[in-house]
Amino acid sequence: MRLSWSDPLFRSVVWQTVIVGIVIAIGWYFIRNTADNLAARHIATGFAFLGRAAGIPIGESLLPYNPAVNTYGRALLIGVLNTLQVAVIGVVLATILGTLIGIGRLSRNWLLAKLTAFYVETLRDIPLLLQLLFWYTVLQGLPGPKQSWHLGHVAFLSNRGMRLPEFDWQPAHSWALLAFVVGLIGTLMWNRRAHRQQDVTGVRPAVWPVALALMIGLPVIVWALLGAPFQVELPVLRGFNFQGGGTLSPEYFALMLGLVIYTASYIAEIVRSGIQAIPQGQWEAAGALGLGSGQVLRQIVLPQALRVIIPPMTSQYLNLTKNSSLAVAIGFQDVVSIANTTLNQTGQAIEGIAIIMAVYLTISLTISLFMNWYNARIALLER
Amino acid sequence: MSHATATAEHIPTEARDRPPAGIVGPWAWLRANLLGSWWSTAITLVLGYVIVRVVVSLVAWGVLHAVWSVPYGPTGIADTSACQNAKGYGACWAVLADKYRLILFGRYPYEEQWRPAIVVLLFIGLFIVSGMRRFWRKELVLIWIATLAAVGVLMWGGVFGLSLVTEDYWGGLPITLILATFGLAFSFPLAVLVALGRRSTRLPAVKMLCVLYVEIIRGVPLISVLFMASVMFPLFMPAGVNVDKLLRAQIAFILFAGAYLAEVVRGGLQALPRGQAEAADALGLSYWKKTGLIILPQALRLVIPPLVNTFIGFFKDTSLVLIIGLFDLLTMGKVALSDPPWQSFSTEVYIGLAVIYIAFCFAMSKYSRGLERDLNRSRTR
């Protein structure tokens with residue numbers, strides 16, 4: 001390296017030193033100011049507050065929780081679990097609804113095509129927050145438990161949320177679930193064997209009897225051997241509220257409605273453009289080979305369409321996860337809501353926001369890593 | 001072809017030119033598009049029934065039984081008993097008639113509300129001018145600077161005989177448009193720099209900074225960036241320095257939008273054939289000349305449609321400032337609903353707000369799709 005401006009290496013070192021220096025200087029300035037401000041307000045930095053009793057009442061929690069005893073750390077953990085639960089269920093439901101609507105837009109039926117197009121065009125253009133507030137007020141405006149809407153006296157929808165029958169989970173069910181997983185692995189192995197055999201002999205052994213026996217038969221046998229327990233607790237109206245059964249709170253229900261309906265409008269467009277990206281000739285060629293329309297869709301069109309669909313779908317899944325943070329506006333206690341309460345109570349603003357950001361960064365990175373792995377698996381292998 | 005010409009002599013011209021019956025006409029259209037098969041017919045019947053039922057009840061609710069205005073009591077408080085009586089089967093549009101000024105312009109002094117009204121028109125004019133391809137020149141930057149300056153003068157006042165209105169009194173649609181448009185105007189140069197930095201090969205440290213910035217911002221929800229602006233930012237400033245809440249939210253928006261726009265711009269840079277840069281290098285152009293004269297003018301043209309789509313997203317995302325307590329359009333809707341007589345008519349207000357958002361977003365997305373078609377046509381030709 002020559003110490004001359006005409007040397008590219010010298011220039012690059014100077015430029016980088018200047019730019020990184022400026023960034024560090026600004027960062028240092030902020031840190032110094034923050035330290036001074038915190039000292040003036042007598043706020044201790046650090047995450048020690050996570051060990052203190054929280055005192056935040058939490059309505060919905062996947063873990064046992066008592067505000068008087070349990071800590072901020074546990075409250076935040078519950079928030080993270082709530083966020084994850086909303087994200088996972090929301091992604092599944094939005095994918096199902098979005099795929100149906102996307103296929104509906106391609107329907108030859110004019111009415112269905114126009115109706116789904118109308119759905120996409122309007123719901124995509126209304127801010128999600130407005131939709132959430134709307135659904136929340138709609139749910140709050142429902143009649144009370146005594147006049148609730150019901151479905152055969154089994155599921156009730158009232159201004160207290162949705163009340164559903166609850167399944168009494170017993171060890172036998174866990175064993176049956178385990179048997180199902182074992183059966184699933186066995187079926188996959190059998191499927192690979194069938195593939196190999198097809199490659200060698202050209203004849204594909206039937207897979208479905210094995211799948212049926214392993215994935216349905218095995219769990220049922222396990223469940224029957226353990227006494228076949230089956231009990232469902234129905235919600236019953238007692239006094240002014242329901243007893244028994246499981247509850248979906250209005251907050252959770254509104255959040256899920258808004259997220260799924262909004263995200264589905266984006267997913268529908270992705271699915272539609274993915275299917276349209278496959279040239280008509282692919283359908284025709286597969287038909288000429290004598291494949292049935294189901295086979296064409298599964299083995300010719302979908303594998304190609306998925307290559308177009310997966311990358312934008314990944315970003316929609318990420319968007320849904322990040323958008324679930326709007327729960328704070330309608331009072332569902334996800335991680336943002338609980339962290340927000342925590343930082344208001346303790347004054348630990350920096351730590352609270354750092355926790356929110358760390359949680360979402362971890363979720364985002366995990367989803368994109370998984371989807372990238374999946375995308376690489378189905379990507380076109382160019383030989 | 002030859003077959004057609006051979007038989008043409010025998011068929012009278014009129015009959016030959018007329019398409020066979022059953023391919024055209026309303027009945028044929030029905031058969032092809034609504035009653036194609038049993039399955040299609042069933043869908044048509046079920047959907048048709050549902051749509052007719054929904055439309056009939058919506059018309060009954062929104063038009064026939066709707067209450068359009070209510071009388072006011074001696075103290076100026078609205079008497080909403082007509083609305084209360086109609087509740088459940090008739091809409092109460094009177095709430096919009098009573099509150100539209102508050103929702104659109106917030107707490108801006110009532111007599112001065114022509115100023116935010118002009119601001120809204122200025123923004124719409126700016127969008128239309130930016131959309132016209134004959135203005136896609138360097139002068140567009142000047143138009144933007146002039147319009148944004150005019151917006152500032154109109155909103156604040158204090159000069160040209162306009163009374164001073166501080167940002168505490170701003171609200172409604174102008175705030176939504178300001179956050180989105182100023183956000184775009186300031187984040188765009190930032191995004192171009194970050195996109196260039198992310199693609200640079202000579203400056204690994206700068207590249208790493210850019211990657212970190214983009215990936216961190218894109219990995220966290222907007223609400224956490226807004227929280228950062230409203231809660232953490234005051235701690236960053238030396239004691240005694242107070243930055244206005246609106247400005248803080250605006251900075252958060254610029255930082256947030258910058259990361260997303262940087263990815264859009266990077267897409268344009270990547271789509272440009274490498275030969276362009278190599279040719280510029282061969283001509284001996286410096287980095288900045290190459291970038292400013294060859295690369296960016298072509299790359300930015302490519303990214304205009306995705307840019308518009310990103311902007312639509314920001315426009316909707318501005319509603320999130322509700323959570324940190326700024327008075328944008330959505331917040332003003334909620335404020336209007338906090339007035340006791342109108343508390344139970346949220347559906348009507350939310351529908352009114354949705355119509356405004358849809359009007360803006362639909363116009364922009366329609367434009368962006370048309371543009372995409374045009375640009376693709378010129379590329380494929």
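In this predicted model, helix H9 of chain B, which runs over residues 173-199, comprises 27 residues and spans 38 Å between its first C-alpha and its last, a distance close to the 39 Å expected at 1.5 Å a residue. The axis of H9(B) nevertheless bends by about 35° at Ser187(B), with a proline, Pro189(B), following within four residues. H9(B) is mostly covered, in that 20 of its 27 residues are buried.

Val265(B), when its neighbours within four places in sequence are left aside, is in contact with Ala191(B), Val192(B) and Ala195(B), and also with Ala299(B) and Val303(B). Val265(B) is in addition listed among the residues with the most contacts inside the largest nonpolar core, a set of 144 residues in which Leu226(B) and, from the other chain, Leu129(A), Leu132(A) and Leu255(A) are named alongside it. The element that gives the most to this core is helix H7 of chain A, covering residues 250-276, with 14 residues.

Chain A as a whole contains 12 helices and eight strands. Its radius of gyration is 27 Å, well over the 21 Å that the globule rule gives for 383 residues, and chain A is therefore more spread out than a compact globule. Taken along the principal axes, the C-alpha atoms of chain A fill a box of roughly 80 × 75 × 50 Å. Of the 383 residues of chain A, 30% count as buried, while among the contacts in chain A with a separation of 6 or more, 66% are accounted for by residues 24 or more positions apart.

Terms used
Residues numbered from 1 in each chain as written. Chains lettered and ligands numbered in written order. Predicted model: local features only at pLDDT ≥ 70, side-chain atom pairs only at ≥ 80, totals over all residues. Core = buried A, V, L, I, M, F, W, Y, C linked by C-beta atoms within 7 Å. Buried ≥ 20, exposed ≤ 12 C-beta atoms within 10 Å, placed from the backbone. Helix = DSSP H or I, 4+ residues; strand = E, 2+ residues; numbered from the N terminus. Contact = placed C-beta atoms within 7 Å. Expected span 1.5 Å × (residues − 1). Bend = angle between axes of the 7 residues up to and from the residue. Rg over C-alpha atoms; globule rule 2.2 N^0.38 Å.
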